[in-house]
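Here's a quick briefing on a ligand site and the pockets of one protein. Have a look at the structure first, then we'll go through it topic by topic.

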Amino acid sequence: MESEKIIELKNLKKQYGDNVVLKNINLHVDRGEVVSIIGPSGSGKSTILRCIVDLESITSGEVLIEGNNLTDKNVDKKIKKQMLLKTGMVFQTFNLFPHMSVRNNIVKTLKVVKKIDVTEAENIAKNMLDLVGLSDKIDNFPNQLSGGQKQRVAIARALALQPDIMLFDEPTSALDPELVKEVLDIIRKLKEKKITMLIVSHEMNFVREISDRVIVMEKGEILETGTSSQIFENPLSQRVKEFLNTTINS
Ligand code: ADP
Ligand code: MG
């Protein structure tokens, strides 16, 4: 079967003023794949994810979702909206609505974004909270949850919109070490469910274990891309070797 590209970036360039933060990025994520982006802080990893979900405008190049070029000036606005709804983003700092219960974080999002009626939205919310193991927290508010629980709610909320791809931007780096595993375990569960994912993470053992492919970045450029074992066992460039040595042994 021919693979289907969920995300494709072609010659993507992004600059802030004179500062070129993405130079010429070409990458793709196929349906069913788990792809991770690693690299030193400031490489442009978050900017890539933010360009994909249209939180940042791009300087040049193309962002395609399921074959639709969203950066084409003439793109149909409806199609662009539909395609962006196929992405679910999870941020380092959770971004839950603090004044809403866990239930309403999900239900109101579904109502606003997908115009789903309350009964159906409630059902989806329950199913998703069940998936992340937080059914008993449905009536709690975010400030009554641990960081790990907040992140699991954020994942449930993103999944509730039934995206075709989940994007994770350092989902565990704001968490106390003892809470990291509960979030990584949810992502492992999503892999079992064959959910397509693009993950930015500094958890090298996790990246190594979960990724079908790994992209190594530095200073706005892709240094190397390969299967998890190619990158971790047999990196081609000295620079990637050094980066892996410092992060794995730190
Ligand atoms: P990473 O996620 O790999 O740590 P980022 O994508 O956050 O890297 O940042 C890449 C570069 O872009 C950094 O040099 C950062 O300072 C710069 N940058 C990010 N966001 C902005 C912004 N809103 N304005 C100006 N520069 C930015
Ligand atoms: Mg970042």
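**Ligand site and pockets**

The side chain of Y16 puts an N or O atom 3.4 Å from a nitrogen atom of ligand 1. Keep in mind that this is a predicted model. Below is the rest of the ligand's surroundings, followed by the two largest pockets.

**Around ligand 1**

- K45 reaches ligand 1 with its side chain, where an N or O atom is 2.8 Å from an oxygen atom of the ligand.
- S43 uses its backbone instead: an N or O atom there sits 3.1 Å from a ligand oxygen.
- On its own, ligand 1 has 570 Å² of accessible area, and the protein covers 59% of that.
- The surrounding residues are Y16, V21, P40, S41, G42, S43, G44, K45, S46 and T47.
- Sorted by class, that shell has six polar, three nonpolar and one charged residues.
- Helix α1 (residues 45-52) is the top contributor to the shell, giving three residues.

**Largest pocket**

- This one holds about 570 Å³ of space.
- It has 19 lining residues, with T87, G88, M89, F91 and L161 nearest the centre.
- Two or more lining residues come from each of α2 (77-84), β6 (87-90), α3 (102-114) and α5 (147-160).
- The lining splits into twelve nonpolar, four polar and three charged residues.

**Second largest pocket**

- Its volume is about 260 Å³.
- Of its 16 lining residues, I58, L70, T71, D72 and K80 lie nearest the centre.
- Here α1, β4 (60-65) and α2 each supply two or more lining residues.
- By class, you get seven nonpolar, five charged and four polar residues.

Technical notes: Residues are numbered from 1 along each chain as its sequence is written. Chains are lettered from A and ligands numbered from 1 in the order in which they are written. This is a predicted model: local features need pLDDT of at least 70, side-chain atom pairs count only at pLDDT 80 or more; totals for chains, interfaces and linings use all residues. Side-chain values use heavy atoms; hydrogens and water are left out. A residue is near a molecule or strand if one of its heavy atoms lies within 4 Å of it. A polar contact is a pair of N or O atoms within 3.5 Å; within protein, one must be able to donate a hydrogen and the other to accept it, and residues adjacent in sequence count only if both atoms are side-chain atoms. Accessible areas come from the Shrake-Rupley method with a 1.4 Å probe; for residues, only the protein chains shown count as cover. Helices (H or I, at least four residues) and strands (E, at least two) are DSSP runs, numbered from the N terminus. Ala, Val, Leu, Ile, Met, Phe, Trp, Tyr, Cys and Pro count as nonpolar, Asp, Glu, Lys and Arg as charged, and the others, Gly among them, as polar. On a 1 Å grid over the protein atoms alone, a cavity is a set of points where a 1.4 Å probe fits but cannot get out, and a pocket is an open set with protein on both sides within 12 Å along at least five of seven lines; lining residues have an atom within 4 Å of a point. Grid points are joined across faces, edges and corners, and a volume is the space filled by probe spheres set on the points.
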